[in-house]
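I opened a new model today and kept notes on what I looked up. The entries are in the order I made them.

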Amino acid sequence: QVQLVESGGGLVQPGGSLRLACAASGFHFSAFAMNWYRQCPGKEREWVGLIMNTGGTLYAVSAKGRFTITRDNTKNTMWLQMNNLKPEDTAVYFCMVQLRDAYWGQGTQVTVSS
């Protein structure tokens, strides 16, 4: 079955960096675009960015210039490198793949605070 497992979250000071990972299984990873979403406290889940199966990327305005999405199709893994983190980046971060249905990971908490 399709499984997405995020990791790498934690507590970081403003201006710091974190690298999240999304390990995928149960589908042909290299054939599909992969997405990152986040849900900030008290807000709806929002799209952060995506990486196409070919490696091309698109980002939300809030992520552009600070976040970088990469993938390794040989490892069935996607990463989200987050730099210059701000308190408003505090959220649970999810990876998602749209197959016939949308599949989500369980999320990983990122807290940006001094």
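The notes below begin with the whole chain and then turn to single residues.

**Entry 1: the whole chain**

I noted before anything else that this is a predicted model. I then looked up the secondary structure and found eleven strands and zero helices in the protein chain. Read from the N terminus, the elements run β-β-β-β-β-β-β-β-β-β-β.

Next I looked up the overall dimensions. The C-alpha atoms fill a box of roughly 40 × 25 × 20 Å along the principal axes. The radius of gyration is 13 Å, which agrees with a compact globule, because a globule of 114 residues would have a value near 13 Å.

I also looked at burial and surface. Of the 114 residues, 42% count as buried. The accessible surface is about 6000 Å², and carbon and sulfur atoms hold 50% of that surface.

For charges, I found 10 positive and 7 negative side chains in the protein chain. The centres of these two sets lie 5 Å apart.

I then asked how the contacts are spread along the sequence. Among contacts with a separation of 6 or more, 51% are between residues 24 or more positions apart.

**Entry 2: Leu-20**

Is Leu-20 buried or exposed? Leu-20 has 0% relative accessibility, and it counts as buried because buried means under 20%. I placed Leu-20 in strand 3, which covers residues 18-25.

I listed the contacts of Leu-20 beyond four places in sequence. They include Ser-7, Gly-8 and Gly-9, as well as Trp-36, Tyr-93, Thr-108 and Val-110. Met-78, Trp-79, Leu-80 and Met-82 are also in contact with Leu-20. For one of these partners I looked up the distance: Trp-79 is 59 residues away along the chain, yet its C-alpha atom is 5.4 Å from that of Leu-20.

**Entry 3: Arg-38**

I went to a charged residue next. Arg-38 is in strand 4, residues 34-39. Its relative accessibility is 5%, so Arg-38 counts as buried.

Which side chains make polar contacts with the side chain of Arg-38? One is Asp-89, at 2.9 Å. Another is Tyr-93, at 3.0 Å.

The wider list of residues that Arg-38 touches, leaving out those up to four places away, includes Glu-44, Arg-45, Glu-46 and Val-48. Ser-62, Phe-67, Glu-88, Ala-91 and Val-92 are on that list too. I noticed that Tyr-93 is in contact with Leu-20 and also with Arg-38.

**Entry 4: two asparagines with positive phi**

I checked backbone angles and wrote down two residues. Asn-76 has a phi near 50°, a positive value in a residue other than glycine. Asn-76 sits in the loop between strand 7 (67-72) and strand 8 (77-82). With a relative accessible area of 26%, Asn-76 is partly exposed.

Asn-84 is not a glycine, but its phi is positive, at about 50°. I found Asn-84 in the loop between strand 8 and strand 9 (91-98). Asn-84 is partly exposed, because its relative accessible area of 43% falls between the 20% and 50% limits.

**Entry 5: Gln-3 and Tyr-103**

Where is Gln-3? Gln-3 is in strand 1, residues 3-7. It counts as partly exposed, at 44% relative accessibility. Beyond four places in sequence, Gln-3 touches Ala-23, Ala-24 and Ser-25. Leu-99 is 96 residues from Gln-3 in sequence, and the two C-alpha atoms are 12 Å apart.

I then looked up Tyr-103, which lies in strand 10, residues 102-104. At 31% relative accessibility, Tyr-103 is partly exposed. Tyr-103 and Gln-3 are 100 residues apart in sequence, and 7.7 Å separates their C-alpha atoms. The contacts of Tyr-103 outside its neighbours within four places are Val-2, Leu-4, Cys-95, Met-96 and Val-97.

**Entry 6: Asp-72**

My last look was at Asp-72, in strand 7. Leaving aside neighbours within four places in sequence, Asp-72 is in contact with Phe-29, Thr-77 and Trp-79. Phe-29 is 43 residues from Asp-72 along the chain, and their C-alpha atoms are separated by 9.5 Å. Trp-79 is a name I had already written down, as a contact of Leu-20.

Note on methods
Residues numbered from 1 in each chain as written. Predicted model: local features only at pLDDT ≥ 70, side-chain atom pairs only at ≥ 80, totals over all residues. Heavy atoms only, no water. Helix = DSSP H or I, 4+ residues; strand = E, 2+ residues; numbered from the N terminus. Buried < 20%, exposed > 50% of the residue type's maximum accessible area, 1.4 Å probe, protein only. Contact = heavy atoms within 4.5 Å. Rg over C-alpha atoms; globule rule 2.2 N^0.38 Å. Areas by Shrake-Rupley, 256 points an atom, 1.4 Å probe, with all protein chains shown as cover. Lys, Arg positive; Asp, Glu negative; His and termini not counted. Charge placed at Lys NZ, Arg CZ, Asp CG, Glu CD. Polar contact = N/O pair within 3.5 Å; in protein donor to acceptor, adjacent residues only side chain to side chain.
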